[in-house]
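Ready for a few exercises? Take a look at the sequence and the structure first, then try each task before you read its solution.

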Amino acid sequence: MDEPEIDFTEAGRRLFTRECEFYWAAAKKDGLPPPRGVEIAFAGRSNVGKSSLINALAGRTGLARTSNTPGRTQELNFFEIAGAFSIVDMPGYGFAAVGKDKVSAWTGLIHDYLKGRVELARVFLLIDARHGIKDTDRPILDTLGKSAVAYQVILTKSDELTAAQRGARLAEVEAAIKKNAAAHPQIIMTSSRKNDGIAELRASIASLLNDRSALPEWATAE
Ligand SMILES: Nc1nc2c(ncn2[C@@H]2O[C@H](COP(=O)(O)OP(=O)(O)OP(=O)(O)O)[C@@H](O)[C@H]2O)c(=O)[nH]1
Ligand SMILES: [Mg+2]
């Protein structure tokens with residue numbers, strides 16, 4: 001018998017109506033939490049809007065700490081969502097002003113985690129819609145290309161662009177990642193400020209959890 005079709009938009013909405021809770025910060029690779037199931041990581045340049053996007057998903061303002069100053073998130077911060085999966089807020093890369101030691105420590109941590117974490121089901125790679133993919137994104141794209149984990153590009157701060165600029169950026173980034181086998185073909189345009197693309201992103205998470213047999217029954221029940 002065919003499986004009934006799942007409404008992932010509704011399932012994604014339901015996931016984020018439940019408890020979202022910070023539970024762990026890791027500054028080193030050997031300081032990662034014991035596994036709690038599926039992890040989804042948010043990576044990207046400093047200041048691209050990772051923490052803000054996590055707050056928008058959760059529908060809360062202060063869950064992940066945000067700031068105007070790049071370098072706000074300094075550890076891997078783990079949040080449990082709905083008792084079903086974890087979101088990992090990562091430090092940003094590409095920001096030099098915090099000092100070389102910190103930058104190399106964060107970079108090491110980011111790359112170690114992305115390469116070696118069994119629980120990691122997907123990386124959302126955030127790219128500022130105003131700027132597109134830059135040279136500073138290359139090292140992480142290389143790491144993601146070599147690791148077994150699939151990534152999905154999420155464009156941020158779409159509220160800063162006109163509709164025409166958004167269309168052009170989407171086409172450009174689509175073309176840039178097309179040949180990369182590890183890249184999810186769907187790119188999501190988001191604005192944490194306007195809540196644009198948030199329902200789509202939640203749906204993408206619900207669909208991923210379903211692929212991993214980790215979507216709770218209550219998320220799809222009648
Ligand atoms: N216009 C606009 N600004 C945004 C949006 N999302 C975040 N910002 C701003 O971008 C800045 C950085 O946001 P964060 O969420 O702290 O960025 P981050 O990627 O977590 O930064 P680090 O932790 O330092 O790597 C803040 O000033 C936010 O207000 C958005 O959707 N639109
Ligand atoms: Mg942050």
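**Exercise 1: a strand pair and its sheet**

In this predicted model, Gly-44 stands opposite Leu-126 in β5. Work out which strand partners β5 here, how the two run, and where they sit in the sheet.

Solution. Start with the pair: strand β2 (residues 39-44) and strand β5 (residues 120-128) are parallel and joined by six bridges. Next, place them in the open sheet of seven strands, whose order is β1-β3-β4-β2-β5-β6-β7, with mixed pairing. Finally, check the ends: β1 (20-26) and β7 (188-189) each have a single partner strand, so each has one side without a neighbour in the sheet.

**Exercise 2: Leu-125**

Decide whether Leu-125 is buried or exposed, and find what it touches.

Solution. First, locate Leu-125: it belongs to strand β5. Second, count: Leu-125 has 24 C-beta neighbours inside 10 Å, and therefore counts as buried, the cut-off being 20 or more. Third, list contacts beyond four places in sequence: they include Ala-43, Gly-44, Ile-140 and Leu-144. The C-alpha atoms of Leu-125 and Ile-140 are 8.9 Å apart, with their positions 15 residues apart in sequence. Last, turn to the largest nonpolar core, of 58 residues: Leu-125 is among the members that touch the most others, as are Ile-40, Phe-42 and Ala-43.

**Exercise 3: the shell of ligand 1**

Find which helix gives the most to the shell around ligand 1, and how the shell divides by class.

Solution. Helix α2 (residues 50-58) leads with three residues. By class, the shell holds three nonpolar, 15 polar and six charged residues. Of its 24 residues, those that come nearest include Ser-51, Ser-52 and Thr-66.

Methods: Residues are numbered from 1 along each chain as its sequence is written. Chains are lettered from A and ligands numbered from 1 in the order in which they are written. This is a predicted model: local features need pLDDT of at least 70, side-chain atom pairs count only at pLDDT 80 or more; totals for chains, interfaces and linings use all residues. A residue is near a molecule or strand if its C-beta atom, placed from the backbone, lies within 6 Å of it. Helices (H or I, at least four residues) and strands (E, at least two) are DSSP runs, numbered from the N terminus. Ala, Val, Leu, Ile, Met, Phe, Trp, Tyr, Cys and Pro count as nonpolar, Asp, Glu, Lys and Arg as charged, and the others, Gly among them, as polar. A nonpolar core is a set of buried Ala, Val, Leu, Ile, Met, Phe, Trp, Tyr and Cys residues joined through C-beta atoms within 7 Å. A residue is buried if 20 or more other C-beta atoms lie within 10 Å of its own, exposed if 12 or fewer, and partly exposed in between; C-beta atoms are placed from the backbone. Two strands pair if DSSP finds at least two bridges between them. Two residues are in contact if their C-beta atoms, placed from the backbone, lie within 7 Å.
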